[in-house]
Amino acid sequence: MSTIPINLQSHTENYIGLKKIGLSIFSIGFLFFLICFTSATKFNPILFFFLSIGLSVIGGLIFFYAQYLSNPIAGVKKNGAMFMSVANKGLIGWMLAVFFTGFYVLLYWFPETLANVSMIFDWLSYNIRNLPSDQWFLYSALYTIAVAIMGVRMIIHNRHNKYQIIRTISVIFFQLVFAFIIPNILILLNEPGYYFSYFWPLKYDYLFPSNLEYLLNSKGHLAVFMFFWSTMMSFIAVPILTYYFGKRWYCSWVCGCGALAETLGDPFRHLSNKKLTAWKYERWIIHSVLAAIVLLTALLWINSYYKGGVLGEFSLSFSKVYGFVIGAAFAGVAGVGFYPLMGGRVWCRFGCPLAAVLGILQKYFSRFRITTNGAQCISCGNCSTYCEMGIDVKAYAQRGQNVIRSSCVGCGVCAEVCPRGVLKLENGPVKGRYELNEEYLR
Amino acid sequence: MENIVIIGNGITGITAARHIRKLSDNNITVISSESKYFYSRTALMYLYMGHEKFENIKPYEDWFWEKNRIDLIQDYVTNIDIENKKVNLAGGLVVSYDKLIIATGSKPNKFGWKGQDLAGVQGLYSIQDLDLMENNTKNICNAVIVGGGLIGIEMAEMLCSRNIPVTFLVRESSYWNSILPDEESQIINDHMRAHGIDLKLSTGLKEIISDDNGKVKAVITDKDEEIKCNFVGLTAGVSPNIDIVKNTEVETGRGIIVNEFFETNVSNVYAAGDCAEIKADDDSKNRIEQLWYTGRMHGEALAQTICGRKIKYERGILFNSAKFLDIEYQTYGLVNLKIPDEKNFYWESDDRMHSIRIVYKDDGVIGFNLLGIRFRHEVCKRWIIDKKNIEYVLENLGEANFDPEFFKQYENKVIELYNIQNPGKNLTLKKKRGLFKILRAV
């Protein structure tokens, strides 16, 4: 009697055709997107919108659906994550990094090159804010689409994990509603286009005297409320919410930068550097940025109080330098451009001053911790590998120590990929948070 | 100051080295032929599956060893010269010791099957084995795995991740049934099959057949079925690796015989971890403990003894964990030992991805066995030590729950089942999940 085993696990191969179809449609869409850079779009922007964005989205969704079909059992989906060129600084990864970086360079410093392509969003722009589209409208529309589509992927991949599902829905919601729809509708209503989901010092100019002036001089009725909201969120809501839930309530549930990192950035999360030296650089850089923005804001207010009598033009030029170096080059160009090289959280980890504030609060005034479960850690390293913030989680877990790090954004992936159920994100009592379980102190 | 030489850089040897450093200023040398740096053996599978790279599975960064003055030598120990207290290495180096620790771990069992040394037939234990497996499984059509333990299912999962069809021969009538109780074992049988693994229960290996080039081409089972394959994984358990002390006066049985201080019959020679066979003071059977956790505990206890704080190794409440494809497994205390007066309370979810077993006696709980649900180590341990009554445990089950936030909680269903099975009982859940809820209730 002789048998040849039946190929029972050919799911992946079975759907390769569907994946090819999805990627082909995506590629055609992308090709049309490139065509949109030319003046061709002028003739029929709506058609070009569907040919470029429409096809890309459809193609992407087909691809993710095929991935879902080929992995019918829910669970951690990391097979081959280290073999993909795109997510391991291979040729495709580098190409993508150059592409992302280049796009941001065009966006910030050569917006005229995007004039044609932004026309494909004219129809949407007219519908929500009654204005033609421009490079910033194009940017926020693409950003929101990327969050939504890659968010769908994130949910499919993590469908066994309710924490990830709810969290991903949350970031998609906040990006779509608070960072896209509301600001644009406010413009339609002749109010300032205001982001209720961003606060000082991340959105640094919200507490600049010039912004107060602008809000007060604007025709809208919500201006005073907006300034009140900014101040209230920055100084009252941030400490209170962080005390109860840790930094995560913002960084991986609300923030738009976090939204992109958690969706588009998810395939790159293992690229963050876990070394001790990287942590050292991180602390110096992020706290320097925080110090710079605090100083800058203070100088601007002093200057405004003395009507320029003390500092002259200094605070204004400081503000310009900060805007260029931190606001554009670091947060934008490097922040997203380096996704395929350093993971999705480059800006959040090394630069974001709001993350620095939240981090200090999380470390010293919060109930949040990642609890380590007794002595169950096997030092396999999955938690550290997939920490997008570059925290060496296993260094804590293998000693039976709770993980309390200012940089932790509470994405929950370490707890998810742990094959031994060692980690749990939770909000517990502040007392004893740092205490080591003596018995497991290893 | 003494020279401590440790042969073997697995979890036992390294834990011993680290703790000796914590406790003393002795010279520490760790010798391994496998790899210079300590890595997590349990994580080897993740390299093959592309979840991690070798860098990720090293529990400590490379600078750690120099900083802690632990000398690492990558070489093969040819023999131990007990009389002169020296260790001879294949590279010609001779290392003298004052105290010698042998922590050489295990090696895969081979039971003299015909064809067991053919090309394409291998076990999985070391990094070299993994490299071999990488080569042996390139472009193959079918694989057969022999042996129904943890390494077997891990190897099956590894092959599945690369879409290589697997036939899994398990001699017992259900997977890992010596450790897993019937119901849990059945869940894992079905789960493997859902993943496309061709599981053949009550089936052993008779012989492995070679092609013309000395490479495996098929196996014949003990039911005389021939299964074509290009790869055979032999995972029928491991045995202590004690070759190094053959031809010395160190006493061996199945492993190196040691007392509860890990002392061998030769003074200043110690053995711990997988390779040790522990002879207890009482008349109980000698124990060989081959878990990651026991290895770590051995190393820790031995370090104390070496540094003059002689302490007896006590294993404490047993615990272990594993992951069977997508189903996590944790166990605490005594399970499936069929102790005469034990009782079992068992619950499983409708989708058969989660189960809870509580083993108890009239005077309290003695064990927990969990699939797809995470429990708190400390809580389970405390309940077992305090001999908490089964009903107390059930009513407070939320205290033990360690699943991520928002995960479905089954406690009420579990209690409902208990009430149905025990007419007249009307237990209700007192403690819900969450640290605060637990503390408030205390």
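## Close-up views of a two-chain predicted model

**View 1. Where chain A and chain B meet.** In this predicted model, the contact between the two chains draws on 49 residues from chain A and 48 residues from chain B. On the side of chain B that touches chain A, the elements giving two or more residues are the helices α5 (150-161), α7 (292-306), α8 (377-385) and α11 (435-441), together with the strands β15 (226-228), β21 (319-324) and β22 (327-333). Sorted by class, the residues on this side of chain B come out as 18 nonpolar, 16 charged and 14 polar.

**View 2. Helices α4 and α14 of chain A cross each other.** Here we look at α4(A), residues 91-109, and α14(A), residues 314-337, whose axes come within 7 Å and cross at roughly 150°. An angle over 145 degrees counts as roughly antiparallel, and α4(A) and α14(A) are therefore roughly antiparallel to each other. Their crossing is right-handed. From α4(A), the residues to pick out are A:A97, A:F100, A:T101, A:Y104, A:V105 and A:Y108, and they meet A:A328, A:G332, A:V333, A:V336 and A:G337 of α14(A). This contact holds 8 nonpolar and 3 polar residues, with no charged ones.

**View 3. Helices α9 and α10 of chain A pack together.** The axes of α9(A) and α10(A) are 8 Å apart, and the packing angle is about 150°. That angle makes α9(A) roughly antiparallel to α10(A). On the α9(A) side you will find A:L212, A:L215 and A:L216, which meet A:A223, A:M226 and A:F227 of α10(A). By class, the contact has 6 nonpolar residues, no polar residues and no charged residues.

**View 4. Helix α10 of chain A has a bend.** Follow α10(A) along residues 223-245 and you will come to a bend of about 45° at A:M233. Which residues of α10(A) are buried? They are A:M226, A:S230, A:V238, A:L241 and A:T242. Their cover includes α9 (209-217), α11 (248-251) and α17 (353-364) of chain A. After the helix comes A:G246, which has a positive phi, near 80°.

**View 5. A cis peptide bond precedes A:P201.** Between A:W200 and A:P201 the peptide bond is cis, with omega near 5°. To find the spot, look in the loop between α8 (162-188) and α9 of chain A, where A:P201 lies.

**View 6. B:W176 and B:D224 have positive phi.** Neither of these two loop residues of chain B is a glycine. For B:W176, phi is positive at about 50°, and the residue sits in the loop between β11 (166-169) and α6 (182-194) of chain B. For B:D224, phi is near 60°, and the loop is the one between β14 (216-221) and β15 of chain B. Is each one buried or exposed? B:W176 counts as buried because it has 20 C-beta neighbours inside 10 Å, whereas B:D224, with 8 such neighbours, counts as exposed.

**View 7. B:L44 is a buried residue in helix α2 of chain B.** The helix spans residues 44-48 and B:L44 belongs to it. Because 24 other C-beta atoms lie within 10 Å, B:L44 is buried. Leaving aside residues up to four places away in sequence, B:L44 touches B:I127 and B:L130. B:E154 is 110 residues away along the chain from B:L44, yet the C-alpha atoms of the pair are separated by 9.8 Å.

**View 8. B:G237 sits in a loop between two strands.** The strands on either side are β16 (231-234) and β17 (238-240) of chain B. With 17 other C-beta atoms within 10 Å, B:G237 is partly exposed. Residues up to four places away in sequence aside, B:G237 touches B:N109, B:G147 and B:G149. From C-alpha to C-alpha, B:G237 and B:K110 are 8.7 Å apart, with their positions 127 residues apart in sequence.

**View 9. B:N268 is a loop residue of chain B.** Its loop runs between β18 (256-258) and β19 (269-271). B:N268 counts as partly exposed, having 16 C-beta neighbours inside 10 Å. If residues up to four places away in sequence are not counted, B:N268 touches B:D98, B:K99 and B:L100. B:G10, 258 residues apart from B:N268 along the chain, has its C-alpha atom 20 Å from that of B:N268.

Terms used: Residues numbered from 1 in each chain as written. Chains lettered and ligands numbered in written order. Predicted model: local features only at pLDDT ≥ 70, side-chain atom pairs only at ≥ 80, totals over all residues. Axes fitted to C-alpha atoms, helices over the stretch in contact; angles between N-to-C directions. Helix = DSSP H or I, 4+ residues; strand = E, 2+ residues; numbered from the N terminus. Parallel < 35°, antiparallel > 145°, perpendicular 65-115°, else oblique. Left-handed = near helix turned anticlockwise from the far one by under 90°. Contact = placed C-beta atoms within 7 Å. Nonpolar A, V, L, I, M, F, W, Y, C, P; charged D, E, K, R; others polar. Bend = angle between axes of the 7 residues up to and from the residue. Buried ≥ 20, exposed ≤ 12 C-beta atoms within 10 Å, placed from the backbone.
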